[in-house]
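Trainee: Could you take me through one part of this structure closely, choosing the sheet and what surrounds it? I would like a connected account that I can follow residue by residue.

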Amino acid sequence: MAAVDGAIGTSQKQLDLDVKTALEVTVVEATPVTVDEAETDTSFLNSLIQRIMSAGLKQEPEAYIPVRRLTRLAVESFKSEPMMLRIPATEGPVHIFGDLHGQLRDLRMMINHIGMPGADGTGAHYLFLGDYVDRGLQGAETFLLLAAMRCRYPKSVFLLRGNHEDLNTAITYGLYDEVMERYGEQHGEYVWLHLISMFNWMPIAALIGTKVLAMHGGLSPNLASLEQINQIARPTLIPPYGLMCDLVWADPDALVADPRASWAMSSRGISFSFDERAVISFCHRTKVDLIVRAHQINTEMLQHGHKWFGQTGRLVTLFSAPNYLNMANSGGVLVVDANDHG
């Protein structure tokens, strides 16, 4: 199964971007459909998926054209879902991916190996835990491919939001610069804002069957019941504290310093770290058997791309981007049979 933050420079103009603009940039309802968009949504999505799955490393300059239409379809799809997805046990085995960070080539190889989903819910089923962008070469295309697959195969492909699917993080760690370099000043801001618009509507967690809970980051001291997750309002940027922040930023840590407490301030400078006592208490309270999350890689994960936390087997961390930042690590994918978890 199978990370290290380094800032990339950004322009002051973008740093000063009006947050209200970023939240409201759906720009889709008022934009007329062009002749190029006269094809059906299904044909459009099939064409876009095929285009990205077969494209070379150098993306064509005109690739910005379908972003507006994909934004409309993706926002409609995300808006129709609760903040915590429910993937029924009848869906069959689900392939769960951790961080991808713009490694489009590796993602395409894994999808080709596992198989494409089917339009009627047959074929492979996928759940992606976020961090599609930043640091890798093709973050925009990685996310656009998965967003298109989500819209085309709504019964088989599920996407969650990671901490990098946010204006404040993606502007610092690579996506903004990638988009501006690839699409230029004329179209770069347009593509960037449409990506942010899609991010702001994404769900934040998923329950597979009734016993497997998935998110990008981790638990929160503010999370007393699963129903609270669906109370998070959208569209939204990721806030600097609180439940939503923790679900994409928190980490398990066996070395929580205070033996009397299960929670400590995170060394990342945002959110919390939590120990195995917090995991056991949460699972008992919510009747969850397993927590699946992403967000981390360390030396213990290099060979297999995953790590079990603690002694009880209640939490596992996945990282799916192989050779991430030349670390020579494996990428991991977890297969969960929802029928085994109610």
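Mentor: Let us begin at one pair of residues, bearing in mind that the model is predicted: Leu85 stands opposite Ala206 in β5. That pair belongs to a place where β1 and strand β5, residues 205–208, run parallel and are joined by four bridges. In general, the strands of a sheet pair through backbone hydrogen bonds, in either a parallel or an antiparallel way.

Widening the view, the open sheet is formed by six strands in the order β1-β5-β6-β10-β12-β11, with mixed pairing. Because β1 (84–87) and β11 (306–309) stand at the edges and each has a single partner strand, one side of each is left without a neighbour in the sheet. From one strand to the next, the twist averages 20°. Helix α10, residues 276–286, packs on this sheet, where it touches β6 (212–215), β10 (290–293), β11 and β12 (315–318), and its direction makes about 120° with that of β10.

Turning from the sheet to a pair of helices, the axes of α6 (residues 139–152) and α8 (residues 175–199) come within 11 Å and cross at roughly 35°, and α6 passes α8 in a left-handed crossing. On the α6 side the contact involves Gly139, Ala140, Glu141, Phe143 and Leu144, which meet residues of α8 including Leu175, Arg182, Tyr183 and Phe199. By class, this contact of α6 with α8 has nine nonpolar, one polar and three charged residues.

How values were computed:
Residues numbered from 1 in each chain as written. Predicted model: local features only at pLDDT ≥ 70, side-chain atom pairs only at ≥ 80, totals over all residues. Heavy atoms only, no water. Axes fitted to C-alpha atoms, helices over the stretch in contact; angles between N-to-C directions. Helix = DSSP H or I, 4+ residues; strand = E, 2+ residues; numbered from the N terminus. Left-handed = near helix turned anticlockwise from the far one by under 90°. Contact = heavy atoms within 4.5 Å. Nonpolar A, V, L, I, M, F, W, Y, C, P; charged D, E, K, R; others polar. Pairing = 2+ DSSP bridges.
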